[in-house]
Amino acid sequence: MANNREVDSFSGVETTGHEWDGIKELNNPLPRWWLYILYASIIWSVGYWIAMPAWPMVSSYTQGMLGWSQRSNVMAEVEAIKKSREPIKAKLLQASLEEIEATPDLFTFALASGEAAFGDNCAPCHGSGAQGAVGYPNLNDDEWLWGGALSDIEYTITHGIRNENFDSRYSEMPAFLQVGTVDRKELSDLTDYVLLISDQEPSSEAAAARGQGLYVTHCESCHAADGTGDREQGAPSLVDQIWLYGSDRESIQSTIANARNSTMPQWGERLDPSTIKALAVYVHALGGGE
Amino acid sequence: MDKSYGHPIDILDVEAVNRKDKRSFFKKREPIYPKRVNGTFRWIKWAVMAITLGIYYILPWVRWDRGEGAPNQAVLVDFANSRFYFFFIELWPQEVYYITGLLILAAIGLFLVTALAGRVWCGYTCPQTVWTDLFVWVERAVEGNRNERIRLDKQPWSLSKASKKIFKHIIWLIIAIATGGAWIFYFADAPVLAQQLFNLEAPFTAYVFIGIFAFTTYSLGGLMREQVCIYMCPWPRIQSAMIDDESLAVTYRFDRGEPRAAHKKGASWDGRGDCIDCKQCVAACPMGIDIRDGLQLECIQCALCIDACDDVMAKVDRPLGLIGYDNDLAIQYRQEGKTMPFRPVRLRTVAYSIILAVVGSIMLYGLITRPLVGLNVLKDRNPTYVALSDGGVRNGYEVKILNKLREEKQYFISIEGLPGTTLSAVSLPISGQGEVMVNVPGDDLRAIKVFVTLPAEHRPSGQTPIVFKVSDIKGEITATKESVFSGGRQ
Ligand code: SF4
Ligand code: SF4
């Protein structure tokens, strides 16, 4: 190629020797500014390789002189956020639960961190929206076995229910049929009475009337004479429309016969006090709080 | 040798950089040494330069009292708080469509003036033109007018040449840095930032942006100049669609100028044109072209050739306006002995004006009637409804209220569409009318959890549409938002 150099007669510029359909390519240089940018880019990229993580190696990669890494960035950001939250956490700890609800920025913070803590710790039993399930109370509604005031909720979260902790909320429903307190006939009558007071259809008026006597003997001390329950003992109301284990005849009968004594862990030993406060505020704010 | 044939005019030896016969696809840049001109259009350009640069540099320093807690800078792009302030207008992120509207207005406005008078934007107000003009002015002040600059560039390097060049670049750099420096004042409180800048305490990004803008100003305005207009800017290509036969453009009136030839003082003008081929118009052109070749892509319509030629015409005692705002169609008419009136009102200019008016009115209407309170309602979906102990049902909603006023305001939230409802909200009072009462700080958004409860006897099945309503105490500032209530039971 070197010996057949060809110069375009019109422009006086050397051609590259390439030809397409009679059109020859001129060997004009690139614009200089373009070239300079290319050189600058090359220099930049070399510097970048040296400074930043760049080349994949067999088991790792070149680390770069600046020590930059995405993971350490994330860790640093997490640390920074934790740090930035410290003052408001401290305020949260100092304030009473009522004060937290009344202070907009504390309240907002408590709701957000309470929601996060709820998702991590409580959602497996109570559901991600605290809507509950059979055997696990719905925390949105207005029925509270042990009280729905802020302090009641905080106490329940801290100590739990029916666990080995001395302070935990405790009560026990007897398994009436199992221990022989009532026989099967009486069990049926008792169930009919409960159906009657909770606004449902008993199998017969007579059965329900027989059940009433049994109720006074065995149930009244906890569930109260009118069936409205007793929060001191975590005894549910039998006259409202919320049933933790189901309101049909089958379920009620099973409850009386075998008892239901579900438990809740004591979160006081797992979560720090500010998280528990935030949780209490969050649960209270779900709408059913008192 | 004096070629001016007795006239007090330099006959220049200059060639258009884009002459047809030497035009090629690949060409080294030819240096251009625009000659200083005086005249009407030059003065207009000085004035426009003073006004535009003045606005650019001074605007961030204009104060505007917005009261407590709000920035008092008239024009401010506040990224940190997501606000845009422009005198009495304050835009929230939800309202960026106003910017779209402004861009539409700017584009149509550009179309309109282009249809009327060609590339007036390019010639007078384009930042590239303004800053290039400023840089050329500096160059002229340091290195002298055209001939001196040519001579200087031909000279071998010497101390005086080097010092002139260095001095020029230093001034250019100062202008460039000042340009970048002014830009960042639009994004932060100017007096504070200025102090930080000098104490080297300003945020790093501020210096980065000064650097970027200084670099672009210096390289585009100082070094690349006409290359930007010819090779980088898309507008010259688009403009051909905007202009028509009747648009005004800087035009060499060939009907009057041809045949061109040198003219001896005192000689007759009969049988020849007015152009004495002195090439002052070419020397004056910052784009380095010859307007006598007709309308060209390179021409930015700066009208400096008009000033240059008028100067010549005055000296040779011929009527002014051999080069002027005109168009080829009018010249053709004149050659046929007819006159073509300039018609600014044409289909396309009317169409552009109508679009301008419509878009402008829509924006103005939007701006005036823009709600002072924003309302958004998100229904809880987990759970969708809550059955209550007495057989009633409750739904939860997140109600977000945006208070665009400066001061704290009390709002009343109520709902319509469902009889028998009770509203409640955590830790918020309820009015006698059953509305949730909430205070929202000025210029802020507040999210409130609102519960809507229906007793058993009113409990609906499935979904019922409801409307949330927010109003202030006088009922003047209101907003509504639709939502639904889930009864749950089928
Ligand atoms: S030809 Fe005239 S109007 Fe066009 S750019 Fe040159 S001086 Fe300006
Ligand atoms: S148009 Fe005017 S300035 Fe240009 S060469 Fe002719 S006389 Fe001179």
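**Close-ups of a predicted two-chain model**

**View 1. Two cysteines without a partner.** The sulfur of A:Cys219 sits 8.6 Å from its closest cysteine sulfur, in A:Cys222, which is too far for a bond; a disulfide here is a pair of cysteine sulfur atoms within 2.5 Å. A:Cys219 has 11% relative accessibility, so this residue counts as buried (buried is under 20% relative accessible area, exposed over 50%, partly exposed in between, with a 1.4 Å probe and protein chains only). For B:Cys233 the closest cysteine sulfur belongs to B:Cys122, 6.2 Å away and again too far for a bond. B:Cys233 is partly exposed, at 26%. Over all chains, the disulfide count is zero.

This is a predicted model, where local features need pLDDT of at least 70, side-chain atom pairs count only at pLDDT 80 or more, and totals for chains, interfaces and linings use all residues. Residues are numbered from 1 along each chain as its sequence is written, chains are lettered from A and ligands numbered from 1 in the order in which they are written, and side-chain values use heavy atoms, leaving out hydrogens and water.

**View 2. The shell around ligand 1.** Residues surrounding ligand 1 include B:Cys285, B:Cys299, B:Cys302 and B:Cys305, along with B:Pro286 and B:Gln301; to make the cut, a residue needs a heavy atom within 4 Å. By class, this shell has 11 nonpolar, one polar and no charged residues (Ala, Val, Leu, Ile, Met, Phe, Trp, Tyr, Cys and Pro are nonpolar, Asp, Glu, Lys and Arg charged, the others, Gly among them, polar).

**View 3. The shell around ligand 2.** Here 13 residues gather round, the closest being B:Cys275, B:Cys278, B:Lys279, B:Cys281 and B:Cys309. They split into nine nonpolar, one polar and three charged. In chain B, α12 (280-284) and α13 (304-315) each chip in at least two residues; helices are DSSP runs (H or I, at least four residues), strands likewise (E, at least two), numbered from the N terminus.

**View 4. Helix α13(B) and its cover.** Nine of the 12 residues of α13(B) are buried, so the helix is largely enclosed by the rest of the structure. Among those buried are B:Cys305, B:Asp307, B:Cys309 and B:Asp310. Their cover includes α1 (40-58), β4 (249-252) and β5 (323-326) of chain B. After the helix comes B:Asp317, with a positive phi near 65°.

**View 5. Where chain A meets chain B.** The contact (heavy atoms within 4.5 Å) takes 21 residues from chain A and 17 from chain B. In chain A, A:Asn28, A:Asp142 and A:Gln241 lose the most area to chain B, together 24% of what that side buries.

Note on methods: Buried area is the accessible area (1.4 Å probe) that two parts lose on being put together, summed over both.
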